[in-house]
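Student: Could you walk me through a structure, feature by feature? I would like to see how each reading is made.

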Amino acid sequence: MKAKHSLIILTFSFLIIACASNASCQKFKSDFAKGGDISWLPQMEATGFKFYDSNGVAQDCFKILKDHGFNTIRLRTWVNPSNSKTSGHCSKEETLAMALRAKRWGMRIMINFHYSDTWADPGKQHKPKAWEGHDFKTLQNDVYNYTFDVMNTLKSKGIYPEWVQVGNEIPSGMIYPEGSTDNWPQLAALINKGYDAIKAVSPKSMVILHVDQGNDNGRFRYWFDNAKKHNAKYDVIGLSYYPYWLKGSPDYTLSIDDLGKNLNDLVTRYGKEVMIVEVGGEATKPENTFDMLVAVQQKVKAVPNGKGLGVLYWEPQGANIWSKYNLSAWGDDGKPTKALKAFQ
């Protein structure tokens with residue numbers, strides 16, 4: 001009996017050692033990412049917005065988020081942004097300051113390169129003003145040098161982001177017109193310059209390519225088939241999921257199963273991990289948004305072999321009274337709504 005007991009202990013010890021030395025095993029054991037993009041936070045604080053916990057006690061927003069289960073912070077970064085309250089800031093320096101703050105709170109970090117001076121999304125992908133007029137070779141160098149500089153600045157302060165996005169919601173490409181999907185060879189070349197710069201500074205950072213309408217499998221197959229055909233380099237497929245922005249603003253129950261099927265198909269078809277890097281629901285319907293967030297997390301966690309990495313809310317703290325954005329998870333009273341409890 002003693003010999004059998006010793007064998008069990010020896011076998012268990014071997015498995016622990018093997019797991020510790022196996023990178024894929026370590027990745028599988030890592031926590032599910034729960035968090036959000038909170039890049040508006042410094043401006044909100046600077047303009048006097050006060051954050052309160054559910055009991056009405058004034059708190060650092062980071063503490064409230066952590067108490068609600070957040071373990072990940074996403075930060076957008078712009079090249080030469082303006083000082084506009086809601087459409088500016090997010091410079092390299094502000095990104096660094098926020099990343100350091102997130103690190104102090106024990107948060108995992110995602111950096112989101114928009115490659116613009118302001119918002120980049122499916123409707124607009126304007127190149128930075130400083131890059132206008134550059135030929136394509138110079139534009140590729142712009143992408144590499146800027147990406148390397150931001151990443152190296154973070155590294156100099158001990159920040160190694162776990163994930164980094166090359167472009168934000170780029171179904172039609174980025175850095176127009178050269179990086180449009182009308183010219184996939186050029187788009188792939190720009191993506192790869194960003195990828196190479198990230199890996200040169202932080203080899204373990206996982207590079208994300210991000211497309212919106214995460215319930216639309218045809219949209220994703222078309223895009224990532226082209227990415228594969230043109231040898232675009234990346235590690236993770238990032239998805240946005242906003243039922244509110246779909247045609248007719250249908251309830252999430254009408255598209256959530258399609259999201260789940262798409263996640264599974266992407267993993268099977270491309271052999272990549274997947275992650276919801278943006279999600280949001282109406283702040284005035286917190287019960288519905290809570291239910292939607294629970295369902296989204298369930299779909300991502302159900303992806304086989306732990307390849308569903310996490311779910312991030314876009315500007316959960318961005319209360320409408322300050323931002324005029326109606327898909328936050330915060331009330332105008334400065335308190336989080338019930339929706340945020342879905343991450344607990």
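Tutor: We will take strands, cysteines, one serine and salt bridges in turn, keeping in mind that this is a predicted model.

Student: Let's begin with strand β6. Is β6 enclosed or open to the outside, and why?

Tutor: Start from a general point: in a regular strand, side chains alternate between the two faces of the sheet. So for β6 we look at each side in turn. Val236, Gly238 and Ser240 are buried on one side, and Ile237, Leu239 and Tyr241 are buried on the other. Because six of the six residues of β6 (residues 236-241) are buried, the strand is largely enclosed by the rest of the structure.

Student: Which strands pair with β6, and in what sense?

Tutor: Strand β5 (residues 206-211) pairs with β6 in the parallel sense, over four bridges. Within that pairing, isoleucine 208 has valine 236 of β6 as its bridge partner. From β5 the chain crosses through helix α8 (residues 217-229) to β6, a right-handed β-α-β crossover. Strand β7 (residues 273-279) also runs parallel to β6, joined to it by six bridges. Here valine 236 appears again, with glutamate 273 in β7 as its bridge partner. Helix α9 (residues 256-270) completes a right-handed β-α-β unit with β6 and β7.

Student: On to cysteines. How many disulfides does the structure hold?

Tutor: The general idea is that a disulfide is a covalent bond between the sulfur atoms of two cysteines. This structure holds zero disulfides.

Student: Why is cysteine 61 without a bond to cysteine 90?

Tutor: The closest cysteine sulfur to that of cysteine 61 is in cysteine 90, but it is 15 Å away, too far for a bond; the cut-off is 2.5 Å. Cysteine 61 is buried, at 1% relative accessible area, and cysteine 90 is buried too, at 4%.

Student: What surrounds serine 328, and is serine 328 buried or exposed?

Tutor: Serine 328 sits in the segment after α11 (320-323). With a relative accessible area of 1%, serine 328 is buried. Leaving aside residues up to four places away in sequence, serine 328 touches several others, including Gly281, Glu282, Tyr313 and Pro316. A polar atom of the serine 328 side chain also lies 3.2 Å from the backbone nitrogen of tryptophan 330.

Student: Finally, how many salt bridges does a search of the whole structure find?

Tutor: The search finds 19. For each one, it helps to ask where the partners lie and how accessible they are. Take aspartate 60 and arginine 101, whose side chains meet at 3.1 Å, N to O. Aspartate 60 is in the loop between α3 (41-46) and α4 (61-67) and arginine 101 is in helix α5 (residues 92-104), so the pair ties together parts 41 residues apart in sequence. Aspartate 60 is partly exposed at 29%, whereas arginine 101 is buried at 16%.

Student: Which residue forms a salt bridge with lysine 92?

Tutor: That is aspartate 149, with the closest N and O atoms 2.8 Å apart. Lysine 92 lies in helix α5 and aspartate 149 in helix α6 (residues 136-156), so this pair ties together parts 57 residues apart in sequence. Lysine 92 is partly exposed, at 23%, and aspartate 149 is partly exposed, at 33%.

Student: And which residues are linked in a network of salt bridges?

Tutor: Asp37, Arg74, Arg76, Glu278 and Glu315 are linked in this way.

Note on methods:
Residues numbered from 1 in each chain as written. Predicted model: local features only at pLDDT ≥ 70, side-chain atom pairs only at ≥ 80, totals over all residues. Heavy atoms only, no water. Buried < 20%, exposed > 50% of the residue type's maximum accessible area, 1.4 Å probe, protein only. Helix = DSSP H or I, 4+ residues; strand = E, 2+ residues; numbered from the N terminus. Pairing = 2+ DSSP bridges. Right-handed = clockwise from strand over helix to strand, strands pointing away. Polar contact = N/O pair within 3.5 Å; in protein donor to acceptor, adjacent residues only side chain to side chain. Contact = heavy atoms within 4.5 Å. Salt bridge = Lys/Arg side-chain N within 4 Å of Asp/Glu carboxyl O.
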